[in-house]
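This report covers a strand arrangement and a ligand site. The sequence and structure come next.

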Amino acid sequence: MVQPKAQATTCPYCGVGCGVLARASGSASIEPVSGDPDHPANFGRLCIKGSSLAETLGDQNRLRAPEVDGKRVGWDEALDAITRRLATVRAQHGPEAIAFYLSGQLLTEDYYVANKLAKGFLGTPHVDTNSRLCMSSAVASYKRAFGADVVPGCYEDLELADLLVLVGSNTAWNHPVLYQRIKAAGEGRPNRKIIVIDPRRTATCEIADLHLQLHPGTDAYLFNGLLSWLAATGAVAEDWVQERASGMDAAVAAAKASAPSPREVAEVCDLAEADVEAFYRLFADTQRTVTLYSQGINQSVRGTDQGSAIINCHLATGRVGLPGASPFSITGQPNAMGGREVGGLANQLAAHTDYETPGARDCVQAFWNSPELPEAAGMKAVEMFDAVASGAIQAIWIMATNPVVSMPDAERVKAALANCPLVIVSDCVDHTDTLDLAHIKLPAQGWSEKDGTVTNSERRLSRQRGLLPAVGESRPDWWALAQVGQRLGFKTAFDYPNPAAVFREHAALSAQTVKLGGGFDISALAELSDQAYRDLTPLQWPVTHARPLGTARQFGQGRFRTPDGRARFHSVALPVHAGGPAADAGKNRHEDPLSQSRPNAESTPGSFYFNTGRLRDQWHTMSRTGRSPRLWQHTSESFLAMAPADADRMGVADGQFVRVSGAAGQLVLRLRRDSGQRQGEVFAPIHWNEQWTGAGRVGGVIRPSCDPASGQPAFKHSRVDIEPVQVEFHAVLLSQHAPPGLDAMTYWSRTPLANTQAWRVAGQHAPDRDGVARLLGGAPQLEMLDAADGRQRYARVAEGRLQAVLMIEREFHFPALDWLDELFGHEQLDAQDRKALLAASPAGVEDTGPVICSCFQVGEKTILSAIGEGCDSPAALGEKLKCGTNCGSCLPEIKALVERCIASAT
Ligand SMILES: Nc1nc2c(c(=O)[nH]1)N[C@H]1C(S)=C(S)[C@@H](COP(=O)(O)OP(=O)(O)OC[C@H]3O[C@@H](n4cnc5c(=O)[nH]c(N)nc54)[C@H](O)[C@@H]3O)O[C@H]1N2
Ligand SMILES: Nc1nc2c(c(=O)[nH]1)N[C@H]1C(S)=C(S)[C@@H](COP(=O)(O)OP(=O)(O)OC[C@H]3O[C@@H](n4cnc5c(=O)[nH]c(N)nc54)[C@H](O)[C@@H]3O)O[C@H]1N2
Ligand code: SF4
Ligand SMILES: [Mo]
């Protein structure tokens with residue numbers, strides 16, 4: 001049999017943008033993928049999420065056909081309904097009553113058409129995107145400094161750098177392939193240094209020479225302090241600054257006012273003075289320095305200023321756009337950069353222009369030949385959902401994002417959408433917390449079906465290619481948008497035969513807008529033939545006739561995109577500290593760690609800073625990674641991480657539940673003691689939502705305080721109250737079907753396993769016999785009761801085959817579930833299986849503990865015993881057990897286990 005050829009495409013997850021080789025196997029699935037050795041982002045590497053892509057496809061749980069008001073309909077009917085209803089809203093309330101909420105997971109072609117339809121033809125400025133929640137602060141600070149939103153460096157710089165400062169980035173988990181590249185580049189270079197700046201000890205700290213575990217929200221002091229130090233110690237690149245930048249004196253004065261010396265900085269940031277000084281010396285002495293920053297910087301009430309404080313230090317030392325030397329804001333989503341290119345943010349017009357860019361409105365309107373164009377910027381995400389709540393917005397089209405989960409104050413977002421007269425949602429899957437509120441649902445093609453381009457963190461355009469036929473009636477997002485454009489009467493403006501045609505138009509527009517000052521220019525691709533588009537190989541913009549092969553770095557010559565060509569320092573004024581984080585009363589007070597005294601000093605015992613972020617093996621709201629049982633092995637349930645001293649103070653043990661209250665919502669999470677947490681601060685992952693758990697949607701407790709310049713919410717620094725929650729029973733149900741009555745439980749959470757699903761529940765009254773039968777979906781055939789310690793075991797068997805298992809305990813002590821899950825795969829249960837089931841301990845099956853290495857399925861207990869037998873390094877363990885030898889994502893954890901064992905042995 002002839003195998004279909006493997007196709008080169010791009011991973012749909014993080015902003016690293018790895019090249020993937022994928023091959024169809026049959027009509028609905030692909031073979032396990034491999035990394036594309038020729039792709040310059042990854043050179044063949046993949047992380048565990050990328051390597052599991054094949055497991056996330058298939059037509060189960062996919063949205064298969066359009067729906068209007070709960071009824072399955074054909075595309076014509078759905079598109080007509082959208083066109084008619086949007087036209088009605090527009091006629092009755094004006095164009096500004098219509099909003100689009102887009103996503104960095106759209107392809108550039110989708111994004112371009114959405115922006116054009118909304119701004120140019122419906123005439124609404126209210127187009128924003130989940131990238132507002134992600135890197136809008138980084139965009140704002142780049143524009144301040146360089147005059148355009150341009151990432152000056154490239155991935156190679158992370159390898160070339162002699163000093164790498166990772167700020168608010170858990171690179172090991174969230175940009176794993178870059179982390180692997182960073183790590184590999186350090187081998188044999190003892191003088192290369194890595195500094196991690198994060199209030200949590202994360203997996204990324206594994207490679208850190210120095211971890212600055214600072215008080216949250218104090219980064220601007222740290223970098224202002226660095227600028228003062230550079231100025232005071234003569235480390236400023238005087239000539240470069242003289243010729244190529246402006247505003248340094250004022251910026252240095254502002255820095256000195258707030259952070260005059262390492263001693264004051266150490267005090268505000270709660271760091272050791274010697275560590276602060278060590279960082280400053282290294283920075284001052286190392287020409288090849290890259291500062292890589294992410295959500296720990298962006299998601300703050302002063303995210304833009306924090307970005308500026310970092311960039312100021314790079315300007316002062318002339319380290320911009322040079323090999324191994326740049327301030328590098330890394331993007332999160334696969335096409336966050338593409339959204340910036342098309343102008344998908346509310347303050348942008350199109351391409352790299354804003355409403356304020358002189359000449360931009362005329363240029364774009366002429367290019368689109370559009371009947372109208374808004375005069376001024378539209379509403380940013382948080383304002384936009386406020387306007388939905390108030391009724392100012394009457395219709396919203398949400399594409400490729402799940403705001404009921406991912407927005408701050410998510411309960412209000414949910415209520416707002418529930419009351420909005422017209423909610424259109426385009427998604428690939430059949431249920432999300434947002435889709436469940438839609439009047440009109442449109443089935444979108446997902447990764448492996450859709451076809452277009454994305455741009456990664458280093459400005460590299462790559463193709464995502466269609467490999468499989470569409471599931472059901474699903475269609476590309478650009479197509480649905482263009483159809484609505486045509487039905488509104490704009491036939492020629494939306495007459496695209498294929499994504500290549502959209503791409504050419506986008507490239508042609510960049511040729512116009514770049515003349516107005518934007519940094520984005522792919523004019524050389526404006527005439528690409530369909531075939532050349534199909535074959536397009538990865539390229540970094542600008543791609544111009546002068547540089548047809550693209551451009552790795554920008555601004556290295558010291559010419560910027562400001563009117564005078566000089567970069568601009570931005571003075572970062574901060575509340576002057578007085579023996580601790582200073583008072584800074586304002587409307588964002590609640591989310592500003594600086595405006596509060598340090599926790600523990602005066603705050604109430606249950607009051608904590610609430611930090612949120614990502615886990616290694618899940619992607620956002622888990623609509624895709626949640627489909628792969630392998631990706632659940634690293635973490636099977638949400639949790640709240642708390643410093644052991646705080647947990648003791650609160651009197652909660654590991655595995656017990658806590659209630660977390662804030663904004664309009666409450667969470668019930670399982671406590672995890674974590675020595676990597678600072679006291680007074682807790683952390684929860686962002687991934688869980690109503691599809692997976694009862695009360696774990698973290699957005700519900702986060703207040704919608706935003707950075708005033710960028711509008712980006714402060715997701716990392718909410719304030720919450722925490723109290724222990726007592727329950728009378730814990731249960732684990734293994735069953736394919738959702739049991740009834742989950743809402744009445746104090747807690748529930750669902751985990752897909754290979755053969756069935758696990759439902760963990762807890763509550764006040766252990767189920768009686770009827771309750772047991774309801775949970776199991778019928779009366780049990782096997783049961784075991786131990787009245788003394790409250791242990792109960794039930795199983796339902798039909799025709800010899802296991803259907804459901806229920807285990808009830810007073811405390812959260814359950815056996816590992818893998819062997820039980822395996823029994824669900826057996827055609828017939830034998831006598832031995834039945835006995836083991838009731839004892840709930842597998843006869844002859846070893847419990848290897850939580851899976852650490854997902855690639856080779858190596859559990860923690862196996863690793864610990866191998867360490868006990870003398871494997872004293874990750875390499876030795878890899879040799880013996882293979883763990884960590886494929887994608888390497890688990891190496892930080894393996895190393896931590898080794899260190900823990902060695903520490904406890906000495
Ligand atoms: N596995 C996985 N990878 C992903 C994603 C995913 O969902 N899963 N999502 C992608 C997306 S869209 C994004 S935006 C990126 C995000 O990538 P990251 O920015 O690395 O992700 P986070 O885990 O949100 O936050 C990073 C760190 O900021 C720290 N932090 C909190 N407050 C502060 C502070 O005040 N100062 C400093 N210096 N640090 C602080 C947190 O403790 C956390 O460790 O990841 C991308 N990659
Ligand atoms: N508390 C807290 N909240 C956060 C963050 C945080 O750190 N803390 N981080 C924020 C950040 S940085 C981000 S990026 C957001 C992410 O948050 P979201 O964007 O809300 O999360 P996703 O789960 O990625 O949502 C993408 C949706 O699009 C669907 N989808 C995938 N591909 C396509 C497609 O091609 N077309 C269509 N129409 N649909 C598609 C998926 O099934 C999924 O439902 O969360 C933000 N919210
Ligand atoms: S590092 Fe990011 S882009 Fe690369 S395989 Fe992993 S998730 Fe995909
Ligand atoms: Mo993001």
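## An open sheet

In this predicted model, three strands make up an open sheet with antiparallel pairing, in the order β1-β2-β5. Its edge strands, each paired on one side only, are β1 (7–10) and β5 (34–35). Strands here are DSSP runs of E of at least two residues, and helices are runs of H or I of at least four, numbered from the N terminus. Two strands count as paired if DSSP finds at least two bridges between them.

Four bridges join β1 to β2 (residues 19–22) in the antiparallel sense. T9 is opposite V20 in β2.

## Surroundings of ligand 1

There are 34 residues around ligand 1, and D198, G217, S294, R614 and Q618 come nearest; a residue is included if one of its heavy atoms lies within 4 Å. At least two shell residues come from each of α6 (171–174), α13 (295–298) and β25 (607–613). Domain 3 (136–329) and domain 4 (605–725) each give at least three, with bounds from an automatic or database domain assignment.

## Polar contacts and burial

Polar contacts are pairs of N or O atoms within 3.5 Å. The side chain of R614 has an N or O atom 2.7 Å from an oxygen atom of ligand 1, and for R200 the corresponding side-chain distance to a ligand oxygen is 2.8 Å. R616 places a backbone N or O atom 3.0 Å from a nitrogen atom of ligand 1. The protein buries 99% of the 910 Å² that ligand 1 exposes when taken alone (Shrake-Rupley method, 1.4 Å probe).

## Basis

Residues are numbered from 1 along each chain as its sequence is written, while chains are lettered from A and ligands numbered from 1 in the order in which they are written. Local features need pLDDT of at least 70, side-chain atom pairs count only at pLDDT 80 or more, and totals for chains, interfaces and linings use all residues; side-chain values use heavy atoms, without hydrogens and water.

How values were computed:
Polar contact = N/O pair within 3.5 Å; in protein donor to acceptor, adjacent residues only side chain to side chain.
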